[in-house]
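Student: Could you take me through one part of this predicted model in close detail? I would like to look at a single helix and the residue that caps it, and then at what else stands out.

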Amino acid sequence: MNNSESHQDMVPPVEGVAGGGTAYGWGDGSLQAPSQLRGTIDPTRVPSSELVHVWCMPSTANVGPQEMPRQLEPVSLLAARNERESIQIAIRPKVSWSGSSNAGVVQIQCTDLCSTSGDRLVVGQSVTMRRVVPILGVPDALVPVDMPVSQINLLPGETSAIWVSIDVPSTQPPGQYDGEFIVTATKTDAECATQFLGKSEKYQVYRELRECLDVIEPIDGKAVEEVVERVKSASTTLRRVLLSPPFSDFFSENGPADMMDEDANLSIRLKVSLTVWDFVLPTTPSLPAVIGISDTVIEDRFGVEHGSAEWYDALEQHFKWLLQYKISPYFCKWGNSMRVLTYTSPWPADHPKSDEFFSDPRLAAYAVPYSPVVPSGDLAKDYLQKEVEILRSKSHWKKAYFYLWDEPLNVQQYDAIRHQASEIHAYAPDARVLTTYYSGPSDAPLAPNNFEAFLKVPGFLRPHTQIYCTSEWVIGNREDLVKDIIAEIKTDSDEEWWTYVCMGPSDPHPNWHLGMRGTQHRAVMWRVWKEGGTGFLYWGANCYEKATVASAEIKFRRGLPPGDGVLFYPGEVFSSSHEPVASLRLERLLSGLQDIEYLRLFSSRYGRDEGLAMLEKTGMYLGPERYTLDHAPIDMMRGEIFRTCHS
């Protein structure tokens, strides 16, 4: 790194973290001179703009603690129906106004987004906020905060970020929706209580309110005259409490409305405008992205026994939560030599829950287990035949696939795939078997060099595999090799070419490692679309180190790049919530899948060549080492498609 590089291009100080940096790419530029405030600061009497910087950042920015302030400007967004669009609100204290080690507390409030016709995107439903929490010092976990009003603590000299997501329902009327986020420097709850009520005053208020309650409560069966007297007595007590100094000194004659007006004048307001257009993203994703979830990690961490009622509940929770990200989850259990048992539903095919899972329109593909997930007395062969016969009678059978072995390396493993696939095809000739690989069998060279041997794998496995899923690492930066790979796939015979990322490829190629740039995360799906893959696989979303307590610290597995195999975290690590916590990388995966839908819409009207030209014209993605490092080309692509297809 040379001295001319700005701090935005610095890599976070985490061993093994590649690429990226912690900022977005704007110049530093201090916006305001340091505040001249000195001594004790009462945030209720000082404009919040004198206490904190507030500005907006795109979803592809990695907003680290040292992110420098920028101008606060209104935000204009574009979204289709059935799409999630996200931004970040960054906050950095200018001074400290808290008596604790924190710089202070800010309150963040958001309004509904409303159109002129009265339609709304409602806070807490369509509009949500999450706090960006560092993992290994890198912004990644998105921890839910209270809605519609939340308080966060700010640390001196550090930038905090709030991730804002707007989910547009499929039925939302098109139009422009406007709202705002209001940031107000405030006191802690303890400081507020200390200012208004001392200990003796608190006790006095408590005693009088308690007396009021004692007078009102025992009225059942009393005469009307006595009830009236009790109400009058209670009213007198309440009036005395409200007119006592702790309250009358704080509230004006006109009540709390004046106080709210005063707070509003002191607050920082971020205007947000969202244009919803009449294109609806398909409920079933056009490109199946199948993501693995380790069932043994769930069993160990949450203390649930395999096959127990709690186990089924835990798997169902993970499955349903992940569907919002337009991915098709599968559960997996690893065996010896990379043999893997994969299944999307833990229940047998004849169980109503399986039909519910497989029929969900948000699911693009599901894994069928080769052997029983919860062992019983049935033989595996009888089990397989029964499962296949049931599933083939269903309309969702077209989503089914079998994933039997991960990255076979020798003839014995390839033969095992052939044997299992033969059994499956004996019961279901139209079944799809998926095989991941990055090389041919090491003990039976198929060609003079490694890449040619890799190209020969489809012929070596045919007809026992229908989905050939290859590592992006093999392609490297040689996109010209894609044509050679696809030439070996018989697409006219319903064979498919999918891709995957695992440990590799590494920086600067697209992947989901911790610390990579936001556009680098999002570009994983851009690469899939440009290269022409019809599906994508990722080996694990919760494959962190083993723990036996739900709230235990997350540790990435040794030998893997940080973040590899982990796209979400247990909610218990951050709070009492049992709901999983998404990573920035999972959100960017979703954004990439949504980008594919935009490109497919454009290509369906003007041809795939024009879609590829759009990527190049906007500079969004040209290749695995040539893609945008900032957000503007993404907005340019989406805006251009919006204008072209909406005209």
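Tutor: Happy to. A useful yardstick comes first: the expected span of a helix is 1.5 Å times one less than its number of residues. Helix α10, residues 411-427, has 17 residues and reaches 25 Å from its first C-alpha to its last, close to the 24 Å expected. Bear in mind that this is a predicted model.

Let's start at the N-terminal end of α10, which is capped by asparagine 410. This asparagine sits in the loop between β17 (400-406) and α10. A side-chain oxygen of asparagine 410 lies 3.2 Å from the backbone nitrogen of glutamine 412, and a polar atom of the same side chain lies 2.9 Å from the backbone nitrogen of glutamine 413. Asparagine 410 also meets a part of the chain further along: its C-alpha and that of proline 441 are separated by 4.1 Å, although the two residues are 31 apart along the chain. Leaving aside neighbours within four places in sequence, asparagine 410 is in contact with Pro441, Ser442 and Asp443.

Now move along the helix itself. The buried residues of α10 are Gln413, Tyr414, Ile417, Arg418, Gln420, Ala421, Glu423, Ile424, His425 and Tyr427. Glutamine 413, whose backbone nitrogen we have just met beside asparagine 410, is thus one of the buried residues. Another of them, arginine 418, lies over the face of phenylalanine 460, at 4.5 Å from the ring centre. Elsewhere, arginine 84 lies over the face of tyrosine 325, at 5.3 Å from the ring centre.

Rings also pair with one another: a search of the whole structure finds 24 aromatic pairs. In one of them, the rings of phenylalanine 319 and phenylalanine 357 have centres 4.0 Å apart and planes at 5°, so the pair is stacked. Phenylalanine 319 belongs to helix α7 (residues 309-322) and phenylalanine 357 to helix α8 (residues 352-359), so the pair ties together parts that are 38 residues apart in sequence. Phenylalanine 319 is buried, with a relative accessible area of 1%, and phenylalanine 357 counts as buried at 1% relative accessibility. Ring pairs link both into a cluster with Trp311, Tyr312 and Trp347.

Finally, a strand to set beside the helix. Six of the seven residues of β2 (residues 75-81) are buried, so this strand is largely enclosed by the rest of the structure. β2 pairs with β12 (residues 268-280) in the parallel sense over seven bridges, and leucine 78 stands opposite threonine 275 in β12.

How values were computed
Residues numbered from 1 in each chain as written. Predicted model: local features only at pLDDT ≥ 70, side-chain atom pairs only at ≥ 80, totals over all residues. Heavy atoms only, no water. Helix = DSSP H or I, 4+ residues; strand = E, 2+ residues; numbered from the N terminus. Buried < 20%, exposed > 50% of the residue type's maximum accessible area, 1.4 Å probe, protein only. Polar contact = N/O pair within 3.5 Å; in protein donor to acceptor, adjacent residues only side chain to side chain. Pairing = 2+ DSSP bridges. Contact = heavy atoms within 4.5 Å. Phe/Tyr/Trp six-rings, centres within 6.5 Å; stacked < 30°, edge-to-face > 60°. Lys NZ or Arg CZ within 6 Å of the ring centre and 35° of its normal.
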